[in-house]
Amino acid sequence: MILVTGGAGYIGSHCALRLMESGEDVMVFDSMELGTRHALDVLAREFPDRFKGFVQGDLKDRGSIASVFRGRDIEAVVHFAAYSQVAESMRDPRRYYENNVGGTMNLLGAMADAGVGMIVFSSTAATYGEPEYTPIDEVHPQHPINPYGATKLMAERMMSDYGRYGIRSARLRYFNVAGADPEGRLGECHDPETHLIPNVLKTAGTGREFSMFGTDYDTRDGTCVRDYIDVNDLAEAHLLALRYLREGGASDCFNLGTNGGSTVREVFGVCQKVVGEPIPVRECPRREGDPAVLVADNRKAKSVLGWSPRSTLEDSVSRAWAWERSRR
Ligand code: UFG
C-alpha cells in the first residue's frame, strides 16, 4: 500500500487517483486544513476497493503520523502535505518551517522507525531561487529567495541524509502546475487563489478585471515566462518515480516541466480562447519576488524515469475551465 500525505489537496488528490487507476492501493493522510472532503469522496467513490481509507492527522504531531505506520503494510510514501504559498511564507515563515520542515522530519522519522524505505517528494522550482541560467537543470545552484523554497530545500536535504536509515527518495521539483482531471472529477481549489490560470478563469463572465502583474520584464512581451505543467502529466511522473525506486533506483531529484515557457499574456490569450469571450484585464505593477523567467530542463526525468509530458497548455486550460464552470 502507498501512503499519500496531503492526498486531499489539489496535486495530491490527482496523484492518488492516478495511483489507484494504475492498480495501487492507497491510504491518505491529511490534516484537512487545505484538503477537501470532495477530493476524498471522489477517491473513495472511484476506487472503493483500492482506497484503503483516510486518516485525519497533522504531520506536526509526531505521534499521529507514527501511529499510521503501526500494523499497516505501507511500502512507500508519496509526500505532498505542505504549505505552498510564497507570499504567505514571507509574512509568516515560522508556519512554513514548522509545517514543511518539522512535518517532513516527523514523517521521515516515522518511516525510519517502521522500516519504510521509499519516498516520492513534492518539491519545487522555488528551491532554485532567481535563475542563473535557463532552462534550469537539476545541477543549477539552489539558493531559494523565500521561506517556502527554503523549507522545501531543507526537506530535500533531510531526505538525502535519511538515506543513512535506508530511505531512498525521488525529489520531484515541479514548475507551474496547472489543469484538472480530464473527467472533471477533481480540480484546483485554493482559498485564497493566487495562481494565474484559475485567477483568469475565475474572472471570466463576472464583469471583474483580471490583474496582470508586471508588463515591463525583459521577456518577449514584457510579462513573466513560466513553464506550465499539466497536473495529470505530473501525476504520471509520480507513478514513474515510484517504479524507479521499486526497481532499486538511487535517491535523486528530477525537474518536472515541459522544457518550454509561456508568458502571462500568452496564457491569458489561451484562457480567452477557451472561454470564448474577452476577459477584462488591468495591467498592474510587478508582484514582489517574481523572477522574469522560470523554465525547466526536463531531460533527466525523460531519460531516467521515461517520463514525457503529453498535455498542451490549451488542454490544461480547457480542463481547468470545465472544472471552474462545474463549481459555479
Ligand atoms: N499572475 C498574474 N495575476 C494573477 C496571478 C499570477 O499576473 O492573478 C502572474 C504572476 O505575477 C507570475 C505568473 O502569473 O508572473 C505566474 O504566477 P503563479 O502565481 O501562477 O505562479 P508562480 O510562478 O508565482 O508560482 C509557482 C508555484 C509556486 C512556486 C513558484 C516558483 O505556484 O508554488 O512557482 O517555482 F513556488
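Which residue in E5 is the bridge partner of Val77? The legends below take up this pairing and its surroundings in a predicted model.

**View 1. Val77 and its bridge partners on either side of E4.** In E5, Val77 has Ile119 as its bridge partner. E4 and E5 run parallel and are joined by three bridges. Toward E1, the partner of Val77 is Leu3, and E1 and E4 pair in the parallel sense over four bridges.

**View 2. The two covered faces of E4.** Side chains in a regular strand alternate between the two faces of the sheet. In E4, Ala76 and Val78 lie on one side, Val77 and His79 on the other, and all are buried.

**View 3. The open sheet of seven strands.** The strand order is E3-E2-E1-E4-E5-E6-E11, with parallel pairing. Strand E3 (51–56) and strand E11 (252–256) each have a single partner strand and stand at the edges, so one side of each is left without a neighbour in the sheet. From one strand to the next, the twist averages 20°.

**View 4. Pairing of E2 with the edge strand E3.** Strand E2 (residues 26–30) pairs with E3 in the parallel sense over four bridges. Asp30 stands opposite Gln56 in E3.

**View 5. Helices H6 and H8 on the sheet.** Helix H6 (residues 147–161) packs on the sheet and touches strand E4 (76–79), strand E5 (118–124) and strand E6 (168–174). The direction of H6 makes about 160° with that of E5. Helix H8 (residues 231–246) lies across strand E1 (2–5), E4, E5, E6 and E11, and H8 runs at about 160° to E6.

Key. Residues numbered from 1 in each chain as written. Predicted model: local features only at pLDDT ≥ 70, side-chain atom pairs only at ≥ 80, totals over all residues. Heavy atoms only, no water. Pairing = 2+ DSSP bridges. Axes fitted to C-alpha atoms, helices over the stretch in contact; angles between N-to-C directions. Contact = heavy atoms within 4.5 Å. Buried < 20%, exposed > 50% of the residue type's maximum accessible area, 1.4 Å probe, protein only.
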